[in-house]
Amino acid sequence: MKILLIEDDTQVAEFVASELSVAGHDCRREARGDVGLDVACASPFDVLIVDRLLPGLDGLSIIERLRQRGDQTPALVLSALGDVDDRVKGLHSGADDYLIKPFSMAELLARLEVLHRRGAAPGADTVTSLQVADLHMDLLRQQVARQGKALNLQPREYKLLEYLMRNAGQVVTRAMLLEHVWGYRFDPQTNVIDVHVSRLRQKIDREFDHPLLETVRGTGYRLGPETKR
């Protein structure tokens with residue numbers, strides 16, 4: 001999921017963003033409410049996580065203004081204000097869920113998954129699986145298999161493979177991977193891509209007759225039925 005987190009508490013924001021990243025999600029952080037609203041209006045997100053008390057513009061006003069624009073992106077409010085009246089006010093503002101601080105990260109992740117599924121347009125042609133040659137990914141169960149053999153991928157490896165499969169046959173650059181898989185908008189001069197691609201290649205290619213993941217020297221990578229090492 002592509003998630004926008006609007007939270008001014010640095011400790012909470014860093015913790016949530018880190019856990020979302022480990023779970024394989026793309027999380028963008030903003031600390032001010034007015035800036036968060038601008039970002040939400042400028043780019044599409046799957047789910048919003050909005051703190052209630054924010055500098056610049058409070059969380060409920062953010063959601064109300066988005067709804068006035070016709071933006072129905074699912075929104076979850078995080079707040080230390082947990083009285084019934086506070087929760088009711090939050091939901092009346094247009095929020096889809098309300099979670100009280102302190103909270104369990106496992107519960108937050110579960111609620112986000114529910115909101116994401118609920119936010120899918122009724123009757124839309126929803127992709128539930130990806131297939132490249134004999135490599136299959138079940139997006140609902142988050143399971144990957146090749147020639148019917150289950151592959152055990154870590155969350156970041158899964159997200160990397162999903163992006164490659166969605167762009168099968170095309171050259172995917174390092175910049176594209178950094179932005180869409182790691183959420184970086186600049187090159188931090190790290191070998192993180194090389195390490196994860198190497199691990200992924202070991203899992204999807206090592207025990208099979210022909211490789212699927214190709215390194216395009218000086219450019220990036222390509223996943224397809226006919227590749228070179």
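1. In this predicted model, Ile6 has Val50 of strand 3 as its bridge partner. The strands concerned are strand 1 (residues 2-6) and strand 3, which pair in the parallel sense through four bridges.

2. Strand 3 comprises residues 47-51, and five of its five residues are buried, so that the strand is described as mostly covered, a residue counting as buried when its relative accessible area is under 20%. Val47, Ile49 and Asp51 point one way from the strand, whereas Leu48 and Val50 point the other way. Both sets of residues are buried. Val50, the bridge partner of Ile6, thus belongs with Leu48 in its direction.

3. Strand 3 also pairs with strand 4, again in the parallel sense and over four bridges. Within this pairing, Ile49 has Leu76 of strand 4 as its bridge partner. The connection between the two strands involves helix 3 (residues 59-68): strand 3, helix 3 and strand 4 form a right-handed β-α-β unit.

4. Strand 4 (residues 75-79) is in turn joined to strand 5 by four bridges, and these two strands run parallel. Here too a right-handed β-α-β unit is present, made of strand 4, helix 4 (residues 84-92) and strand 5. Leu76 should be noted in both pairings: Leu76 is the bridge partner of Ile49, and Leu76 stands opposite Asp97 in strand 5.

5. Asp97 lies in strand 5, which spans residues 97-100. Is Asp97 buried or exposed? Its relative accessible area is 18%; because the cut-off for a buried residue is under 20%, Asp97 is classed as buried.

6. With which side chain does the side chain of Asp97 make a polar contact? The partner is the side chain of Arg111, at 2.8 Å. Leaving aside residues up to four places away in sequence, Asp97 touches Ala75, Leu76, Val77, Leu91, Arg111 and Leu115. Arg111 therefore appears in this list as well as in the polar contact, which needs a pair of N or O atoms within 3.5 Å.

7. A second aspartate deserves a separate remark. Asp205 is located in the loop between helix 8 (192-204) and strand 11 (213-216). Its relative accessibility is 0%, and Asp205 therefore counts as buried. A polar atom of the Asp205 side chain lies 3.2 Å from the backbone nitrogen of Leu213.

Definitions and conventions
Residues are numbered from 1 along each chain as its sequence is written. This is a predicted model: local features need pLDDT of at least 70, side-chain atom pairs count only at pLDDT 80 or more; totals for chains, interfaces and linings use all residues. Side-chain values use heavy atoms; hydrogens and water are left out. Buried means under 20% relative accessible area, exposed over 50%, partly exposed in between (1.4 Å probe, protein chains only). A polar contact is a pair of N or O atoms within 3.5 Å; within protein, one must be able to donate a hydrogen and the other to accept it, and residues adjacent in sequence count only if both atoms are side-chain atoms. Contact means heavy atoms within 4.5 Å. Two strands pair if DSSP finds at least two bridges between them. A crossover is right-handed if, with the strands pointing away from the viewer, the path from the first strand over the helix to the second runs clockwise.
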